[in-house]
Amino acid sequence: MFEKPDIMNLHVSDIEASDHFYQDILGLARIENKPGWKSFKLGETILAIRPWLPETTDERKIKYGIALGFNVDDVDKRMKELTAKGVGMLIEPRDESFGRYAEIVDPDGYILMLISESKK
């Protein structure tokens, strides 16, 4: 029934800043570019962003309860590229049991995990 996500939708405070981050900094290919909705190709999944509506209040801070994981070819190389572009680093590259791992943050505080799985 549930095999993989078809679409991931992030509510963002500044859609243009997030659009710049996901397209220009991370290099995701844009699929749609509407004023209140932008979407990007992420493998077989779609990553969509839309404005967080001002009248919406949620004290649970749901956005901090999600982290997006990206498999990359080389965590260290990608982290150097991203930090050179001003992306905030949460966790420096390190070895884990599954491979190499690091974390960055997007303009709204969403955590993005970069993972290079071990070749074992």
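## Exercises on burial, a helix and aromatic pairs

Phenylalanine 98 counts as partly exposed because its relative accessibility is 37%. Buried means under 20% relative accessible area, exposed means over 50%, and partly exposed lies in between (1.4 Å probe, protein chains only). This is a predicted model, where local features need pLDDT of at least 70, side-chain atom pairs count only at pLDDT 80 or more, and totals for chains, interfaces and linings use all residues. Residues are numbered from 1 along each chain as its sequence is written, and side-chain values use heavy atoms, with hydrogens and water left out.

**Exercise 1.** Classify tyrosine 101: is it buried or exposed?

*Solution.* Take its relative accessibility, 9%. Tyrosine 101 therefore counts as buried.

**Exercise 2.** Describe helix α1 and its two ends.

*Solution.*
- Step 1: locate α1 at residues 15–25. Helices (H or I, at least four residues) are DSSP runs, numbered from the N terminus.
- Step 2: list its buried residues, which are Ile15, Ser18, Asp19, Phe21, Tyr22 and Ile25.
- Step 3: look at the start, where a side-chain oxygen of aspartate 14 comes within 3.1 Å of the backbone nitrogen of glutamate 16.
- Step 4: look past the helix, where glycine 27 follows with a positive phi, near 80°.

**Exercise 3.** How many aromatic pairs does the structure hold?

*Solution.*
- Step 1: apply the rule. Rings of Phe, Tyr and Trp (its six-membered ring) pair if their centres lie within 6.5 Å; planes under 30 degrees apart count as stacked, over 60 as edge-to-face and the rest as tilted.
- Step 2: the count is three.
- Step 3: among them is phenylalanine 21 with tyrosine 22, edge-to-face at 5.0 Å centre to centre, with 85° between the planes.
- Step 4: phenylalanine 98 and tyrosine 101 also pair edge-to-face, at 6.0 Å and 85°.

Methods:
Helices (H or I, at least four residues) and strands (E, at least two) are DSSP runs, numbered from the N terminus. A polar contact is a pair of N or O atoms within 3.5 Å; within protein, one must be able to donate a hydrogen and the other to accept it, and residues adjacent in sequence count only if both atoms are side-chain atoms.
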